[in-house]
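User: I'd like a close look at one part here: the sheet, with whatever packs on it. Once that is clear, please walk me outwards to the rest of the chain and its partner.

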Amino acid sequence: MAVDISIRITGQAGQGIQSISSIMGKVFTRQGYYVFIIQDAESRIRGGHNFDQVRIKDKPVLAIHAQANYLICLDGKTVEQDLPVLTPNGVMIYDGSQTRFESDNPNHFSIPLEQIALEAGQKKIMVNAVATGAAFALMGFDLRPLLDRLAEEFAGKGQEIAAHNQSSASAGYRYVRENFRGRAADQIPPGVFAKQKLLINGSQAMALGAICAGLKFYSGYPMSPSTPIMEFVAAAAQDHHIICEPAEDEIAAVNMVIGAGFAGVRAMTATSGGGFCLMTEALGLAGMTETPLVIVVAQRPGPSTGLPTRTEQGDLRFAMHAAHGEFPRAVLAPGHAAQAFYLMARAFNLAERYQTPVIVLGDQHLNDSYCTVDELDLNRMTIDRGKVVFDDQIASVKDYKRYVWQESGISPRILPGLSEAVVYADSDEHTDAGHITESSEVRNQMVRKRMRKLAGMRQEMGSPEIYPSQRAALVLLGWGSLYGAMKEAVELLQQDGIPAQMCHFSQIYPFTAQAFHRKILKKSRILAVENNYSGQFADFFTQETGRAVCHKILKYDGRPFAPREIVDQVKEKM
Amino acid sequence: MVTLQEFASDDPIAWCPGCGNFSILKALKQALVELQKKPHEIAIVSGIGQAPKTPHYLRCNTFNGLHGRTLPVAAGLKLANHELTVLAEGGDGDGYGEGGNHFIHAMRRNIDITYLVHNNQVYGLTKGQTSPTSESGFITKTTPSGSPVPPMNPLLLAVACDCSFVARGFAGAIEHLTDLIRQGIRHRGFALIDILQPCVSFNRVNTFQWYEERVYPVGEGEYDPGDRTAAFNRAQEWGERIPIGIIYRRERPTLSAQHAAIARQSLVRQPIDPTGFPGLLEAFQ
């Protein structure tokens, strides 16, 4: 039996929604399922109306379902708000004593969550554990894996808290068994316990990828949705000999990272659009001084403060063109967490090999969403530091010139203080020795030297991922976090008798010199799918390939695409 | 034996004849020789302006970055390779205007950097506009009726921020300045040396003569730079008499000393091994 169950947990900020979703995510991942979790939160600390949606599937999944099979309402005030997303025979769990909402639908289960929480868990906050236990009973799933996970999750917070969570979950489970026997709807069959797969979100995967790729210095200023990257690095810093320095602002953060990069360590910062605005001055500095720099920009809807906790792909053109003047850079945009992990290593390799900035674009949907990943293979990570010259490789350092002319544009890089050489780096136009110059001849040569790196990068930018491989008359074109939704959309289209292919870019700029387009462009109708207003990538694609897209399917309400939404719009445009 | 000759740079100097910067360069070189630092052991991070050209004119590692952004670059460099002796250098516009926020937080961090601010109370390279330290009433192209606001007091701000080494030098007192720079570099922590530097092209008020008539060294023995209240008072002295010397000094842990990651080895000397992180992955299983 194919399993594809979505559970929406709703309530106020501070009610432990994310704690339930991540616990469920881990339980089902360990039982052999694939899980995808989105977080839909308002920009506030307490109150409001938030939800997480957990999708559990027997096959890999990287997108949300527009509907939910289960609705778990932790808060009485907003019971009716999410009812429209419930499937026709979907199950709702709510606390009838906390709301005036009444229902004679046999699939709407009123459970005294608060009363049970106070009795079994001593605290009102245990409502989330009670509801989870109740949901497990309704899903027909064994309670044991949940109890084990609760013990593990709260181990660090003391025996008592773990025990209260367990007794609350058990009480919720028992209440359903005793009161609603035989009335459960969509069931989740038992799995087989295995502890191999990972449950990880985009931010964690980026931070983990960076650390495994040799990150030594991080500086940042908190900004949603990038902050979890910094928090992950900070937590790992002591064990893995990393310095994580909280900066006074994003300008300081990126300049500290450039200082560390000049010294010769792998260094990065992460921010969102507004913080990246402040960093643009330094982006040019890294380009001019030829200092490796990695910046993660986790996009959120702008302009200005925009929708701070929601998602958008509105900063692609900004990332491609940010800062004054012309200099080479690379822009990467991973499609999912596993790709984010590996692309971080690629970002550092590119930054060091080409001695220039690399921007990795995420967004709230990619960064905050959890997914089950089969494996992250450390042996697949390669480290390439480019033309860094270490002590033992230096013959004569007396006349070292930091910016000596090379056909590739890449000059050997000596790290200051590690040899007797002295290194001059300058933000002014400079001679090959790094001193300020006004010479038109030198200026021309230095501009050419820097820009030649772009040609080198273009040659090694990877091809887009084409899925499935069978040629189709319809191509969905997209980039970054659209990966999961587009991939599933082409599968759904296939099922509906409309053959389609996905063409997904994760290595965006400079546009790849690989000959992929001959394969997919011939005769196909191209529909661009993007989480922005103007179809920023589609226009860039047209500029680079000469191929126009037939339609743009765009969404800019701050919410991610569900695959079915794409399918519906494709059918509309056909 | 390190000699002055080792610091000789062949980059032609682009300062105005008679500029106070020449004396500061001389004092800096002399201090480095006295400390027996080798050029490759030193890194100077500078901003944009006339003062930030200084590192081009002596042989040492140099990062000539952006206007106002010297201190964060210097902090990143120092944390990545704390074996380097790191200095930051810029003018009053660079450090106290554009970089004001970084200045405050560098002092708070107590990162082990010596910060030389060439303070000429005017913007030079942009050819004569008011600066954060311009005196009230100072007439420039951007304040044709005279600056309506009082100058900021960097020393007072530094004492308030508990900057661990606060000093003022004068370009016209080279030996005194040499000694201050030497002490600043030796000091473990953030050392601010605000240097009164006459601008011969755009400041006709605060000239060499104007300063010479006013500056006096705070007396050794009679003044205790460890006394913060005394430092507050001394830092406010300006006008008829202007104190030079170490105004405030306090030992407190440097930022580098507080990072366990570099307790045994600088970051830049630590090897990269991507296979060394299985524990991190397990946490997600």
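Analyst: What follows starts at the sheet and works outwards. Keep in mind that this is a predicted model.

The sheet you're asking about is an open one of 8 strands in chain A, with the order 6-5-4-1-3-2-14-7 and mixed pairing. Its edges are strand 6 (108-110) and strand 7 (198-201) of chain A, each of which pairs on one side only. Going from one strand to the next, the twist averages 20 degrees.

One join in that order is worth zooming in on. Strand 2 (residues 34-40) of chain A pairs with strand 14 (residues 370-373) of chain A in the antiparallel sense, over 2 bridges. If you want a residue to click on, take A:F36, whose bridge partner in strand 14 of chain A is A:C371. As background, strands of a sheet pair through backbone hydrogen bonds, either parallel or antiparallel.

Now for the helices. Helix 1 (residues 17-30) of chain A lies across strand 1 (4-13), strand 2, strand 3 (47-57), strand 7 and strand 14 of chain A. Helix 1 of chain A runs at about 5 degrees to strand 3 of chain A. Helix 3 (residues 127-139) of chain A also packs on the sheet, and touches strand 1, strand 4 (68-73), strand 5 (86-94) and strand 6 of chain A. The direction of helix 3 of chain A makes about 140 degrees with that of strand 5 of chain A.

Next, the domains. Chain A is divided into domain 1 (4-179), domain 2 (199-380), domain 3 (388-460) and domain 4 (465-573). Take the pair in the middle of that list: the C-alpha centres of domain 2 and domain 3 of chain A lie 25 Å apart. Across that boundary, 18 residues of domain 2 of chain A are in contact with 15 residues of domain 3 of chain A. On the domain 2 side, the elements giving two or more residues are helix 8 (250-263), helix 9 (273-289) and helix 11 (337-354) of chain A. Helix 9 of chain A gives the most, with 4 residues. Sorted by class, that side of domain 2 of chain A has 9 nonpolar, 6 polar and 3 charged residues.

Further along the chain, have a look at helix 16 (residues 536-545) of chain A. A:Q536, A:F537, A:A538 and A:F541 are buried there. Those buried residues of helix 16 pack against helix 10 (316-321), strand 19 (474-479), strand 20 (500-505), strand 22 (525-530) and strand 23 (551-554) of chain A. What follows helix 16 of chain A? That would be A:G546, with a positive phi near 75 degrees.

Stepping back to the whole of chain A, there are 17 helices and 23 strands. The radius of gyration of chain A is 26 Å, close to the 25 Å that the globule rule gives for 574 residues, so chain A is as compact as a globular protein of that length. Along the principal axes, the C-alpha atoms of chain A fill a box of roughly 85 × 60 × 40 Å. Buried residues make up 57% of the 574 residues in chain A. Of the contacts in chain A with a separation of 6 or more, 73% are between residues 24 or more positions apart.

That leaves the partner. How many residues of chain B are in contact with chain A? There are 45 of them, touching 60 residues of chain A. The elements of chain B giving two or more residues to that side are strand 1 (42-46), strand 2 (61-64), helix 2 (70-80), helix 4 (100-109) and helix 9 (278-282). The largest share, 8 residues, comes from helix 2 of chain B. By class, the residues on this side of chain B divide into 24 nonpolar, 15 polar and 6 charged.

Strand pairing turns up between the chains as well: strand 17 (residues 424-426) of chain A and strand 2 of chain B pair in the parallel sense over 3 bridges. There, A:Y424 stands opposite B:T62 in strand 2 of chain B.

How values were computed: Residues are numbered from 1 along each chain as its sequence is written. Chains are lettered from A and ligands numbered from 1 in the order in which they are written. This is a predicted model: local features need pLDDT of at least 70, side-chain atom pairs count only at pLDDT 80 or more; totals for chains, interfaces and linings use all residues. Two residues are in contact if their C-beta atoms, placed from the backbone, lie within 7 Å. Ala, Val, Leu, Ile, Met, Phe, Trp, Tyr, Cys and Pro count as nonpolar, Asp, Glu, Lys and Arg as charged, and the others, Gly among them, as polar. Two strands pair if DSSP finds at least two bridges between them. The radius of gyration is taken over C-alpha atoms; the globule rule is 2.2 Å times the number of residues to the power 0.38. A residue is buried if 20 or more other C-beta atoms lie within 10 Å of its own, exposed if 12 or fewer, and partly exposed in between; C-beta atoms are placed from the backbone. Domain bounds come from an automatic or database domain assignment. Axes are lines fitted to C-alpha atoms, for helices over the stretch in contact, and angles run from 0 to 180 degrees between N-to-C directions.
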